[in-house]
Amino acid sequence: MLRRALAVTVALATVVVALLVGLGTLPTDARAATTGAPSDEPSGAVVVLGTGGVSWSDVSRETTPNLWLMLRDGSSAALSVRSVSSNTCPADGWLALGSGGRAAVPRPGTAANPVDRACTPAPEVVGGRVQGWDEIEEAAEAERFDTRLGLLGDTAAAEGVCVRAVGPWAALGAARSDGSAEQAVPFDSTRLLEDLNACPVTLVDVGSVRDPDDVAEGESGTGSREDQLREIDARIGQVVEAGPNGADYVVASLSDAGRSERLRLVVLRGPHFGPGLLESESTRQVGLAQSSDVTATVLSAVGLPVPPGLGGSALTTDAAPDNSERRAEGRLTGLIDYDEASHEVHGLVEPFFTVFAYGQLVIYLLVLLAWKGRLGSEQTRVTVLQRVRVVAVLAAAVPVSTFLANLVPWWRFPVPMLSVVASVGLFVALIATAALRGPWSRWSLGPMAFVSGVTVLVLSADVMTGARLQLSSLMGLQPVVAGRFYGMGNPTFALYATATILLATAVSSWLVLRGRRRAAAITVAVLGGFAVLVDGAPFWGADGGGPPALVPAVAYLVLAVLGLRLTWKRALLIGVGVVGLFFLVAGVDWLRGPGSRTHLGNFVQALLDGTADDIVIRKAEQNWSILTSNMPLTLLVPAALLFVIYLMARPTSWGSRAMRRSYEQAPTLRAGLLALLTALTIGFLVNDSGVAIPAVGATLAVPLIVSVALHALVEEARSNATTRAGRRRR
């Protein structure tokens, strides 16, 4: 029995390795053959027109005619400009351009939140060096983002390429690692022709929009938003007219307009960028880029090497058939959708989780009251329990419905909060109805199996096709935060792992009840192996912290289904296998090259560079900060985990006795719950923002477990009612 289980495991591992090795470089090679990437030879020149606070919703033929022409004739994308703080000042944006990473200028003021402090004015360049550069370096080291200040300037200088900085903020982008910026000059419209043709790389500050209604206290206003847009657009026209022929022009909005964070814009036009949308290997999304992509694109456009470890990749073009006005309007609509969806959902995430969490507490209270016989009369207890079970299944259908809701453009409606609630509610009703009305509903684990199966199916399909449903969803990825743009984020992994284990538990219980224990173990291994592949593969989930949590849980469940104990020797073998699998996947990703790596391959590069400790420390500090910032509420997560582990570890406890009838109907249920606790606990410990993993996993697991327990209670109540009725008749 054990040999067959090991044989199945080895076969699955072989398939995983073959897929990783065979497909690891496929996306890069295939895309290079179909997109308009910059050539390896220098193009002659590249001009970056840096601005700030400008989004695609600001672009129109009337207000910004030059930006409209760039959109029509060039390649465009929404741009995530997230830096160290939640909002990005002009200084932060230009530092990001020069470093290809996250960096910020220290902001004056005493407010605890940097968002509430005014942005600093543009630094002066004295004697060819940026003033205050030493303080900027100290701030970058303290943030532990492994940001290399001056990367753009150093790379260009090493190849003998000069970088001209025109305008006050541009010096921060062109400065080298020692703060020197000899080619920095003020913006002067009378000498633009000379300045723009002096160096192969030119960075031009055309001004930034500072929204007078949104800037922090102490920051002086600079006129109305529309007036600022018109002035910036006029400067863009001047630069393009005076710039060198044959150059690639990059217009990038590198910062926010004030305290509010939003997606901004980037558009490229030139010999290598015709009409269309921009693509990025770092975001894997058509029409969505991040600030570090601009740095990589500038280097690549003039034939300079892109240093390893850079967070972005050179932008390429998903070409449009032509540059007609109609197609330009269609692209603009799609780009505005990126911004609006990201902006609207970002403000709804916190109230959604608050309402959802308190709503689940109401469910638990109803369960307790019904369980104790304090809700409804003795005659109506069955009805009450059935209705509470329906509510539990409805709650369990909410997480996957938050992703499916993005099939509907809810952000275009006048009241986004109402439209997204309606979209989520529509899919909740469909999924819950099928779970409770299908033939599987007669079995205690039937609704759990159906909801878990739908969750696994939807999330697998989404991750394997680009994670578009996750983007700007209530429980998915937030482009404006720039943590992830593809693959499995922590909340998504929590739902995916929970659904996978609960589905495997239900299917294995069904097979064991029919005397097919070996088939049950193989099914668990196949479901778990598929989930690990989808979650950990660099070309799909690209999740470094997911497999170390999921693999031990699946392995334990396989052993439990086979009736084998988890000895220390077996636990050690599983642990070694998990570590080996992680470095195998990360190593394959590292082999794909700097421009195509995910954070898994970048971690291997950090190990080679000796900077991996910064990544580990930063993630640990982030997890600890989240855990302690909202005490005592956030401490309830590890406390609840320990409490549930205690209950599950003691079969004689009152909590286990309450589930005993369910265990009789589902032989692998207890082992499945222990496997789920294992996955959520390890995920909590090894991931940054790990506190979200058990919390989000519970939003799916607890309602489904409640539905299983309530099914047993309904049967018990019916049996008791029948017995009492018989006694009365006698």
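Which residues is Leu550 in contact with, leaving aside its neighbours within four places in sequence? The legend to View 2 gives the list.

**View 1. Overall fold of the predicted model.** The model shown is predicted. Its secondary structure comes to 26 helices and 12 strands. Of the 730 residues in the protein, 54% are buried. Among contacts with a separation of 6 or more, 74% are between residues 24 or more positions apart. The exposed area of the protein is about 30700 Å², and carbon and sulfur atoms supply 60% of it.

**View 2. The largest nonpolar core, around Val451 and Leu550.** This core has 93 residues. Val451 and Leu550 are the members with the most contacts inside it. Helix α16 (residues 490-513) supplies the largest share of the core, 13 residues. Apart from this core lies another, of 48 residues, which includes Ala77, Val105, Ala165 and Ala301. Leaving aside neighbours within four places in sequence, Leu550 is in contact with Phe493, Ala497, Ile501, Ala531 and Val532.

**View 3. Surroundings of Thr51 in strand β1.** Thr51 is found in strand β1, which covers residues 46-52. The relative accessible area of Thr51 is 2%, so the residue is buried, the cut-off being under 20%. A polar contact joins the side chain of Thr51 to the backbone oxygen of Gly207, at 2.6 Å. Neighbours within four places in sequence aside, the contacts of Thr51 are Val206, Gly207, Ser208, Ile232, Ala252, Ser253, Leu254 and Ser255.

**View 4. Helix α9 and the elements that its buried residues pack against.** Helix α9 has 18 residues, 225-242. At 1.5 Å a residue the helix should span 26 Å, and its end C-alpha atoms are 26 Å apart, so the two values agree. The buried residues of α9 are Gln228, Leu229, Ile232, Asp233, Ile236, Gly237, Val239 and Ala242. These buried residues pack against strands β1, β7 and β8 (248-253), and also against helices α3 (65-73) and α8. Ile232, one of the buried residues of α9, is also among the contacts of Thr51.

**View 5. The disulfide of Cys89 and Cys119.** The structure holds two disulfides; with bonded cysteines counted along the chain, they follow the pattern 1-2, 3-4. In the disulfide of Cys89 and Cys119, the sulfur atoms are 1.9 Å apart. The torsion about the S-S bond is about -75°, so this disulfide is left-handed. The pair links distant parts of the chain, 30 residues apart. Cys89 is in the loop between β2 (75-80) and α4 (90-99), and Cys119 is in the loop between α4 and β3 (125-126). Both cysteines are buried: Cys89 has a relative accessibility of 3%, and Cys119 has a relative accessible area of 12%.

**View 6. The disulfide of Cys162 and Cys199.** The sulfur atoms of Cys162 and Cys199 are 2.0 Å apart. The link is left-handed, with -120° about the S-S bond. This pair also links distant parts of the chain, here 37 residues apart. Cys162 is in the loop between α6 (151-158) and β5 (163-166). Cys199 is in the loop between α8 (192-196) and β7 (201-208). The relative accessible area of Cys162 is 27%, so this cysteine is partly exposed. Cys199, with a relative accessible area of 6%, is buried. Elements α8 and β7, named here as the ends of the loop that holds Cys199, also appear in View 4, where the buried residues of α9 pack against them.

**View 7. Arg284, with a positive phi.** Arg284 is not a glycine, yet its phi is positive, about 55°. The residue lies in the loop between β10 (276-279) and β11 (288-290). Its relative accessibility is 19%, and because the cut-off for buried is under 20%, Arg284 counts as buried.

**View 8. Ser472, with a positive phi.** The phi of Ser472 is near 60°, a positive value in a residue other than glycine. Ser472 lies in the loop between α15 (446-464) and α16. The relative accessible area of Ser472 is 4%, so the residue is buried. Helix α16, at one end of this loop, is the helix that gives the largest share of the core in View 2.

Conventions: Residues are numbered from 1 along each chain as its sequence is written. This is a predicted model: local features need pLDDT of at least 70, side-chain atom pairs count only at pLDDT 80 or more; totals for chains, interfaces and linings use all residues. Side-chain values use heavy atoms; hydrogens and water are left out. Buried means under 20% relative accessible area, exposed over 50%, partly exposed in between (1.4 Å probe, protein chains only). Contact means heavy atoms within 4.5 Å. Accessible areas come from the Shrake-Rupley method with a 1.4 Å probe; for residues, only the protein chains shown count as cover. A polar contact is a pair of N or O atoms within 3.5 Å; within protein, one must be able to donate a hydrogen and the other to accept it, and residues adjacent in sequence count only if both atoms are side-chain atoms. A disulfide is a pair of cysteine sulfur atoms within 2.5 Å. The expected span of a helix is 1.5 Å times one less than its number of residues. A nonpolar core is a set of buried Ala, Val, Leu, Ile, Met, Phe, Trp, Tyr and Cys residues joined through side-chain atoms within 4.5 Å.
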